[in-house]
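Okay, everyone, thanks for coming. I'll put the structure up and then walk you through a few spots in it.

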Amino acid sequence: MDDIQLWLATIKAWYRDDNPNNIPPLTAIIATTPTALFTTSEHNNTAVNQQEEALAYWLDGCQKICQFYHHQQPQLAFTYIQLPYAKLQALVCDPHQNATTKRWGLKKLDTVIVTLLEFCQCQPQPEWLQQSQDLIDLHVTFMAAQQHLNLRY
């Protein structure tokens, strides 16, 4: 069993426990995500499907942590939604990544940016409004640099 398979089994076990308020173990699982998850996958269907499944669990786990800390510790919550945005950007930019994974990553980037913007707009402090504007500008710049691959897929 490789690192991704072991990690995937661990996060699936957390989900099977069905205790959404038990965030510390989920945080530990997210913190120990194997770096291989974000690097070039093998080009066989089984490996690609496993990588995409693991990425989906990872993304959902980050979002659950963000939701949990949203009101208690907004800066920590924001970090757990910024992390997937940055990792997905790197995944999409990897020239060795397969087209299916890139397509998945581009679609998820659009979802994550909306989550980031909604998060910022719900915060009462004015600096979050500026953060929201900065995110929009940076997302537009990033997507333009992708030469509209999100539209091609």
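So, Phe 142. If you ignore the neighbours within four places in sequence, Phe 142 is in contact with Gln 89, Cys 93 and Leu 109. Keep in mind that this is a predicted model. Phe 142 sits in helix α6, which covers residues 127–145. How far apart are Phe 142 and Gln 89 in sequence and in space? In sequence they're 53 residues apart, but C-alpha to C-alpha they're 8.3 Å apart. And Phe 142 counts as buried, because its relative accessible area is 13%, and the cut-off for buried is under 20%.

Now, one of those contacts was a cysteine, Cys 93, so let me turn to the cysteines. How many disulfides does a search of the whole structure find? Zero. Take Cys 66: it's in no disulfide, and the nearest cysteine sulfur, on Cys 62, is 9.3 Å away. For a disulfide, the two sulfurs would have to be within 2.5 Å. Cys 93 isn't in a disulfide either, and for Cys 93 the nearest cysteine sulfur is again that of Cys 62, at 18 Å. As for accessibility, Cys 66 is buried, at 5% relative accessible area, whereas Cys 93 comes out at 40% and counts as partly exposed.

On to the core. In soluble globular proteins, nonpolar side chains tend to be buried together. Here, the largest nonpolar core has 40 residues. Which of them touch the most other members? That would be Trp 7, Ile 30, Leu 37, Trp 58, Phe 78 and Leu 116. Helices α1 (3–17), α2 (23–31), α3 (45–69), α4 (74–93), α5 (99–122) and α6 each put in at least two residues. The biggest giver is α5, with nine residues.

Let me zoom in on one of those core residues, Phe 78. Again leaving out neighbours within four places in sequence, Phe 78 is in contact with Leu 116, Phe 119, Cys 120, Trp 128, Gln 131 and Leu 135. So Leu 116 shows up twice, as a contact of Phe 78 and in that list of core residues touching the most other members.

Last stop, a polar residue: Gln 51, in helix α3. Is Gln 51 buried or exposed? It's buried, because its relative accessible area is 2%. And what does the side chain of Gln 51 reach? The backbone oxygen of Leu 37, at 2.9 Å. Leu 37, remember, is one of the core residues with the most other members touching it.

Notes: Residues are numbered from 1 along each chain as its sequence is written. This is a predicted model: local features need pLDDT of at least 70, side-chain atom pairs count only at pLDDT 80 or more; totals for chains, interfaces and linings use all residues. Side-chain values use heavy atoms; hydrogens and water are left out. Buried means under 20% relative accessible area, exposed over 50%, partly exposed in between (1.4 Å probe, protein chains only). Helices (H or I, at least four residues) and strands (E, at least two) are DSSP runs, numbered from the N terminus. Contact means heavy atoms within 4.5 Å. A nonpolar core is a set of buried Ala, Val, Leu, Ile, Met, Phe, Trp, Tyr and Cys residues joined through side-chain atoms within 4.5 Å. A polar contact is a pair of N or O atoms within 3.5 Å; within protein, one must be able to donate a hydrogen and the other to accept it, and residues adjacent in sequence count only if both atoms are side-chain atoms.
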